[in-house]
Amino acid sequence: MSAEMMCQLYEGQLSKYTNVMKGWQFRWFILDPKTGILSYYLSENENERKQQPRGWVHLEAAVIAPSDEDSNTFTVNSSSGESFKLRAQDARARQEWVNRLRAVSQMYTTAAAQNNPPLPPREHIVLTKPCMGAGVQSSTSLALWDAFSAVREHLFRAEQNNYLMQRAIDDLPATGEIKHVDPGLLILKASSQSMLTSLNQCLFILHQESANGLASGSIKTKGSIKHDHHSQHSHSKKKFQL
């Protein structure tokens, strides 16, 4: 798919399977490659589209699969667990939607895997603090940096493996004993993506807290704690002697 097409909205009417009672309903779908979002409205009416969409999914790590029911139906299974069962006007229209959706999904999935590269070597980092000894501050900062670098490296490898796993699931056949829309595999994809997102958020929070702690001096080394204890003991001893 060309770079120009990846920057343009793609929209059109699709039938969406609502539920057993209502069955198939026409909806107006819009694919926005710039945001990675597939959204839909009741109709293409301009006033309708000024409102919030009736539903939407982000396509990062999504599975877009042609159905074996017929040549017009396909499904969009997001990493959050939400699923759209859709039907195009004909087989050609279905293939166009599937190709575009997969291209956007792959773009955002690849970007997510590459979004958090390993931290740079600690030699590139200069950390100083006037109110603490240079040696103590340097030792504390480098120890923290080493710890965060190690965790970031493990997460980066996990993200790469997660991406390979999701691509392998997408490449499974639409029919057979193991299919790419197998409920267990979809749950595996959603769970692994959610876990990585949560771990990255936790790492970010810890990194921010440690940076704030170093800046305020609330993070102390073993040596500084020992020094504080000695100072308090000496002060108490002098007070007792007085």
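A salt bridge is here a side-chain nitrogen of Lys or Arg lying within 4 Å of a carboxyl oxygen of Asp or Glu. The exercises below apply this to a predicted model, and then turn to its sheet and its core.

**Exercise 1. Determine how many salt bridges the rule gives, and examine how exposed the partners in three of the pairs are.**

Solution. Side chains of opposite charge can pair when their charged atoms come close. By the rule, the count comes to 5 salt bridges.

- Step 1. Glutamate 48 pairs with arginine 54, their closest N and O atoms being 3.7 Å apart, which falls within the 4 Å limit. Glutamate 48 has a relative accessible area of 16% and is therefore buried, since buried means under 20%.
- Step 2. Lysine 85 and glutamate 69 meet at 2.8 Å, N to O. This pair links distant parts of the chain, with lysine 85 in strand β7 and glutamate 69 in the loop between β5 and β6, 16 residues apart. Lysine 85, at 25% relative accessibility, counts as partly exposed, and glutamate 69, at 48%, is also partly exposed.
- Step 3. Glutamate 96 and arginine 100 have their closest N and O atoms 2.7 Å apart. Because these two residues stand 4 residues apart in helix α2, about one helical turn separates them. Glutamate 96 is partly exposed at 28% relative accessibility, whereas arginine 100 is buried at 11%.

**Exercise 2. Work out the strand order of the open sheet, and identify which strands stand at its edges.**

Solution.

- Step 1. The open sheet has 7 strands, with antiparallel pairing, in the order β4-β3-β2-β1-β7-β6-β5.
- Step 2. β4 (55–58) and β5 (63–66) each have a single partner strand and so stand at the edges, one side of each being left without a neighbour in the sheet. From one strand to the next, the twist averages 30°.
- Step 3. Within this sheet, β6 (residues 73–77) and β7 (residues 83–87) run antiparallel and are joined by 5 bridges; valine 76 has phenylalanine 84 of β7 as its bridge partner.

**Exercise 3. Establish which elements supply the largest nonpolar core, and trace the contacts of leucine 38.**

Solution.

- Step 1. The largest nonpolar core has 21 residues, and Leu38, Leu59, Phe74, Val76 and Leu101 have the most contacts inside it.
- Step 2. At least two residues of this core come from each of β2 (23–32), β3 (37–41), β6, β7 and α2 (91–114), with α2 giving the most, 6 residues.
- Step 3. Once neighbours within four places in sequence are left aside, the contacts of leucine 38 include Phe29, Leu59, Val76, Phe84, Trp97 and Leu101.

Definitions and conventions: Residues are numbered from 1 along each chain as its sequence is written. This is a predicted model: local features need pLDDT of at least 70, side-chain atom pairs count only at pLDDT 80 or more; totals for chains, interfaces and linings use all residues. Side-chain values use heavy atoms; hydrogens and water are left out. Two strands pair if DSSP finds at least two bridges between them. Axes are lines fitted to C-alpha atoms, for helices over the stretch in contact, and angles run from 0 to 180 degrees between N-to-C directions. A nonpolar core is a set of buried Ala, Val, Leu, Ile, Met, Phe, Trp, Tyr and Cys residues joined through side-chain atoms within 4.5 Å. Buried means under 20% relative accessible area, exposed over 50%, partly exposed in between (1.4 Å probe, protein chains only). Contact means heavy atoms within 4.5 Å.
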